[in-house]
Amino acid sequence: MAEDKTPAEAKTPAAPPKESAKAAEKKAKPPALEEKPFADFIHQDYLPALKTALSDQGIEDLEVTLQKQKLPIAGNGSNSECWQVIGKWLAGKRQFNVYFPKADIQGTRAFSCSSWGAKPSTIEPFLIDERKITLDLLVFGVVQRLNAQKWLAPN
């Protein structure tokens, strides 16, 4: 006896087998660098990339660290501390700070710079118009800001 299939059913190929869970995991996109925990991202990715970018600009004795400190503004009576990426060079004569009030690169950020060991006179918003902050954007922002200060190239 012949099977009772319509011509359309007879021509329909069998569905491919479903992917196993392991195969799906292998194809899953790895998380972005920026999704790492804050301290891991800063230490493993941001500080080395920042140091390399500024070295490419001619800064040879750069020391960059991540510290939790009070804001270094003259007359600041606040006891609040925030995370700061601190970069110093020329034997400490030039310094910049990138502030992260919350341990989150996507959160609020600020920037300051100072020279000759003085406390910065202002703290400026840093990369506030960007929707998503990336490693490259954080590095570019510092290089751009220091270049605007005329600290990377002569006038």
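The following paragraphs lead through the fold of a protein chain, with attention to its last helix and the residues around that helix.

The model is predicted. The protein chain holds four helices and five strands, and from the N terminus on these elements run in the order α-α-α-β-β-β-β-β-α. The chain has 155 residues, of which 32% count as buried. Among contacts between residues at least 6 apart in sequence, 43% join residues at least 24 apart.

Helix H4 is a suitable place to begin. It comprises the 14 residues 135-148, and its end C-alpha atoms are 20 Å apart; at 1.5 Å a residue the helix should span 20 Å, so the expected and the computed values agree. The buried residues of H4 are Leu135, Leu137, Leu138, Val139, Gly141, Val142, Val143, Arg145 and Leu146. The elements that cover these buried residues include helix H3 (38-56) on the one hand, and strands E2 (81-89), E3 (94-100), E4 (110-115) and E5 (124-125) on the other. After H4 comes Lys150, whose phi is positive, near 65 degrees.

The packing of H4 with H3 can be described in geometric terms. Two packed helices are described by the angle between their axes and the distance between the axes. For H3 and H4 the angle is about 40 degrees, and the axes are 10 Å apart. That angle makes H3 oblique to H4, because it is not under 35 degrees, the cut-off for a roughly parallel pair, and does not fall within the 65 to 115 degrees of a roughly perpendicular one. The crossing of the two helices is right-handed. On the H3 side, the contact involves Phe41, Asp45, Tyr46, Ala49, Leu50, Ala53 and Leu54, which meet Leu135, Leu138, Val139, Val142, Val143 and Leu146 of H4. By class, this contact has 12 nonpolar residues, no polar residues and one charged residue.

Val143 gives a residue-level view of that contact. This valine is placed in helix H4, and it counts as buried because its relative accessible area is 15%, where buried means under 20%. Leaving aside neighbours within four places in sequence, Val143 is in contact with Ala53, Leu54, Gln57 and Leu152. The C-alpha atoms of Val143 and Ala53 are separated by 7.5 Å, although the two residues are 90 residues apart along the chain.

Arg145 also lies in helix H4, and its contacts lead to another part of the chain. With a relative accessible area of 19%, Arg145 is buried. Beyond its neighbours within four places in sequence, this arginine is in contact with Phe111, Cys113 and Glu124.

The loop between E5 and H4 contains Phe126. At 4% relative accessibility, Phe126 counts as buried. Not counting residues up to four places away in sequence, Phe126 touches Val98, Arg109, Ala110, Phe111, Leu138, Gly141 and Val142. The C-alpha atoms of Phe126 and Tyr99 are separated by 8.6 Å, while the two residues are 27 residues apart along the chain.

Strand E4 contains Ser114. The relative accessible area of Ser114 is 10%, and the residue is therefore buried. Apart from residues up to four places away in sequence, Ser114 touches Lys93, Arg94, Gln95, Lys119, Pro120 and Trp151.

The backbone of one loop remains to be considered. Most residues other than glycine have a negative phi. Leu90, found in the loop between E2 and E3, has a positive phi near 55 degrees. Ala91 is placed in the loop between E2 and E3 as well, and its phi is also positive, about 55 degrees, although it is not a glycine. As to accessibility, Leu90 counts as partly exposed, because its value is 42%. Ala91, at 74% relative accessibility, counts as exposed, since exposed means over 50%.

Definitions and conventions: Residues numbered from 1 in each chain as written. Predicted model: local features only at pLDDT ≥ 70, side-chain atom pairs only at ≥ 80, totals over all residues. Heavy atoms only, no water. Expected span 1.5 Å × (residues − 1). Buried < 20%, exposed > 50% of the residue type's maximum accessible area, 1.4 Å probe, protein only. Contact = heavy atoms within 4.5 Å. Axes fitted to C-alpha atoms, helices over the stretch in contact; angles between N-to-C directions. Parallel < 35°, antiparallel > 145°, perpendicular 65-115°, else oblique. Left-handed = near helix turned anticlockwise from the far one by under 90°. Nonpolar A, V, L, I, M, F, W, Y, C, P; charged D, E, K, R; others polar.
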